[in-house]
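I opened this notebook to keep a record of what I looked up in one structure, going from the whole chain down to single residues.

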Amino acid sequence: MNKVKIIVATALLFVTVQLTSLAQTTASTPKIGYTNVDYVLSLMPESKQIESDLKTYSTQLETQLQSKVKEFESKGETYQKGAATMTDVIRKDKEKELMNLRSSIEEFQRNAELSLQKKQQALLEPAYKKMQKAIDDVAKSNGYTYVFNSDAGAGTAAILLHAPEDGNISDLVLKQMGITPPAKGAPAPAVQAPAASNTSPAGKITTPATTKKNK
């Protein structure tokens, strides 16, 4: 009888240890979620205004740039037509003027691009802070330990190459901010996340359209 009791007690102890170990393993397993920042941003009301403000700012810079280019082209044509009849002093002075104008245009292009990037960052910062708070709230209320961005952005490799759909918290983040997500299977939203702006080879400052992102 004592041997039976010992065997039963040992079995119960083994089961208890196994259950405790399983509970600890389950509790320590991180819950991982992901979202698409561009997708969420494209559906935020702020997105349209940011895009509009960037376009206005870009147009102002482009107008100034084109004014400088036209001045350079006009003076360049005048120089070419009259160079043969100019004295050495006048010709050298005109050449120096054209070189200075060209340098001014190149400097303006560089400064304009940096200025546009800073403008974009300043406009996006409040929207990103709002989104981050929503992500934090969703992660906390749903027990997510980590949340990844599923798309690193245009021209970069995606961070998340495969993941189960139940880990996608994009719609939860939108709902947290009071935004109704598109129905499943609905067309991609017409509103696009504000894109990074750049200067084209021809010197024209543009804000190119982004490709539509899936959540």
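The entries below start with the overall layout and end with individual side chains.

**Entry 1, the model and its elements.** I note at the outset that this is a predicted model. I looked up the secondary structure and found five helices and four strands in the protein chain, which, read along the sequence, follow the pattern α-β-α-α-α-β-α-β-β.

**Entry 2, burial, surface and contacts.** I then asked what share of the 215 residues in the protein chain is buried. Buried residues make up 28% of them. For the accessible surface of the protein chain I have a total of about 14,500 Å², with 58% of that area belonging to carbon and sulfur atoms. Turning to contacts in the protein chain with a separation of 6 or more, I find that residues 24 or more positions apart account for 79% of them.

**Entry 3, an annotated span.** The UniProt record, an unreviewed entry, places the feature "coiled-coil region" at residues 91-125. I looked up the same residues in the model, where the span 91-125 is 100% helix and 0% strand, and where its end C-alpha atoms lie 51 Å apart.

**Entry 4, Ser67.** I located Ser67 in helix 3, which covers residues 46-82. Is Ser67 buried or exposed? Neither term applies, because its relative accessible area is 42%, and partly exposed is the class that lies between under 20% for buried and over 50% for exposed. I also checked its distance to Ile105: the two residues are 38 apart in sequence, and their C-alpha atoms are 9.8 Å apart in space.

**Entry 5, Ala163.** I placed Ala163 in the loop that runs between strand 2 (146-149) and helix 5 (170-176). Ala163 counts as partly exposed because its relative accessible area is 24%, whereas buried would require a value under 20%. From Ala163 to Ile32 I read a separation of 131 residues in sequence, with 9.6 Å between the C-alpha atoms.

**Entry 6, rings and charges.** Which rings have a charged end sitting over them? I noted the charged end of Lys31 over the ring of Tyr144, at 4.5 Å from the ring centre, and the charged end of Lys119 over the ring of Tyr57, at 5.4 Å from the ring centre. I also searched the whole structure for aromatic pairs, and that search finds zero.

Conventions
Residues are numbered from 1 along each chain as its sequence is written. This is a predicted model: local features need pLDDT of at least 70, side-chain atom pairs count only at pLDDT 80 or more; totals for chains, interfaces and linings use all residues. Side-chain values use heavy atoms; hydrogens and water are left out. Rings of Phe, Tyr and Trp (its six-membered ring) pair if their centres lie within 6.5 Å; planes under 30 degrees apart count as stacked, over 60 as edge-to-face and the rest as tilted. A charge sits over a ring if NZ of Lys or CZ of Arg is within 6 Å of the ring centre and within 35 degrees of the ring normal. Helices (H or I, at least four residues) and strands (E, at least two) are DSSP runs, numbered from the N terminus. Buried means under 20% relative accessible area, exposed over 50%, partly exposed in between (1.4 Å probe, protein chains only). Contact means heavy atoms within 4.5 Å. Accessible areas come from the Shrake-Rupley method with a 1.4 Å probe; for residues, only the protein chains shown count as cover. UniProt positions are given in the numbering used here, feature names are shortened, and annotations may be inferred rather than shown by experiment.
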